[in-house]
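Biologist: I am new to this structure and would like to go through it with you. Could we begin with the terms and then look at the details?

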Amino acid sequence: AASDVYKRQLQDSVDVLAMGGRLCVISFHSLEDRMVKRFIAKESKGESYPRHFPIKDADIHRRLKKIGGLIRSTDEELNDNVRARSARLRIAEKIA
């Protein structure tokens, strides 16, 4: 499905990103934005372990760090380009 391809592209982009590099994704549809949001959240949170599993926070493998929040077009941008109204930008930095 198309969503699987999109998720694989996000994963591949992190794989080729240099340490400290930034992943910047502009999406134009709510479904795309939701996939990007969940991908960044998952990669920022790291591997999932049972709640009472004895593991230190430092031992959890995190690949990304979320940079800021959702960025939308400003009113000035919308005056210049009305099609920018649906654009959403999310940014993450590779940390591992």
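Modeller: A residue is called buried when its relative accessible area is under 20%, exposed when over 50%, and partly exposed in between. Please keep in mind that this is a predicted model.

Biologist: Is Gly46 buried or exposed, then?

Modeller: Gly46 has a relative accessible area of 13%, and buried means under 20%, so Gly46 counts as buried.

Biologist: Where in the chain is Gly46 placed?

Modeller: Gly46 belongs to the loop between H2 and S2. Its C-alpha atom is separated by 8.5 Å from that of Leu64, and these two residues are 18 apart along the chain.

Biologist: How many helices and strands does the protein have?

Modeller: There are 3 helices and 3 strands. Along the sequence they follow the pattern α-β-α-β-α-β.

Biologist: What does the radius of gyration say about how spread out the protein is?

Modeller: The radius of gyration is 16 Å, whereas the globule rule gives 12 Å for 96 residues, so the protein is more spread out than a compact globule. The C-alpha atoms fill a box of roughly 55 × 30 × 25 Å along the principal axes. Of the 96 residues, 29% are buried.

Biologist: Now to charges. How many salt bridges does a search of the whole structure find?

Modeller: The search finds 4 salt bridges. One of them joins the side chains of Asp15 and Arg63, at 3.0 Å from N to O.

Biologist: Which parts does that pair tie together?

Modeller: Asp15 lies in helix H1, residues 2-16, and Arg63 lies in the loop between H2 and strand S2, so the salt bridge ties together parts that are 48 residues apart in sequence. Asp15 is partly exposed, because its relative accessible area is 44%. Arg63, in contrast, has a relative accessibility of 16% and therefore counts as buried.

Biologist: And what about Arg22 and Glu93, where do their side chains meet?

Modeller: They meet in a salt bridge of 3.2 Å, N to O. This pair links distant parts of the chain, with Arg22 in strand S1 (residues 22-27) and Glu93 in strand S3 (residues 88-94), 71 residues apart. Arg22 is partly exposed at 47% relative accessibility, while Glu93 is buried at 16%.

Biologist: Which side chain does Arg90 meet in a salt bridge?

Modeller: Arg90 meets Asp33, at 2.7 Å from N to O. Arg90 is in strand S3 and Asp33 in helix H2, so to speak two distant parts of the chain, 57 residues apart. Both residues are buried.

Biologist: Which residues are joined into one network by salt bridges that share partners?

Modeller: Asp15, Glu43 and Arg63 form that network.

Biologist: Let us change topic to the surface. Which residues form the positive patch?

Modeller: The positive surface patch is made up of Lys7, Arg34, Lys37, Arg38 and Lys66.

Biologist: Which helix gives the most to the positive patch?

Modeller: Helix H2, residues 30-45, gives the most, with 3 residues. Arg34 is in helix H2.

Biologist: Why may Arg34 be called partly exposed?

Modeller: Its relative accessible area is 40%, and partly exposed covers values between the limits of 20% and 50%, so Arg34 counts as partly exposed.

Notes: Residues numbered from 1 in each chain as written. Predicted model: local features only at pLDDT ≥ 70, side-chain atom pairs only at ≥ 80, totals over all residues. Heavy atoms only, no water. Patch = residues over 30% accessible without salt bridge, like charges linked within 9 Å, V, L, I, M, F, W, Y side chains within 5 Å. Areas by Shrake-Rupley, 256 points an atom, 1.4 Å probe, with all protein chains shown as cover. Lys, Arg positive; Asp, Glu negative; His and termini not counted. Charge placed at Lys NZ, Arg CZ, Asp CG, Glu CD. Helix = DSSP H or I, 4+ residues; strand = E, 2+ residues; numbered from the N terminus. Buried < 20%, exposed > 50% of the residue type's maximum accessible area, 1.4 Å probe, protein only. Rg over C-alpha atoms; globule rule 2.2 N^0.38 Å.
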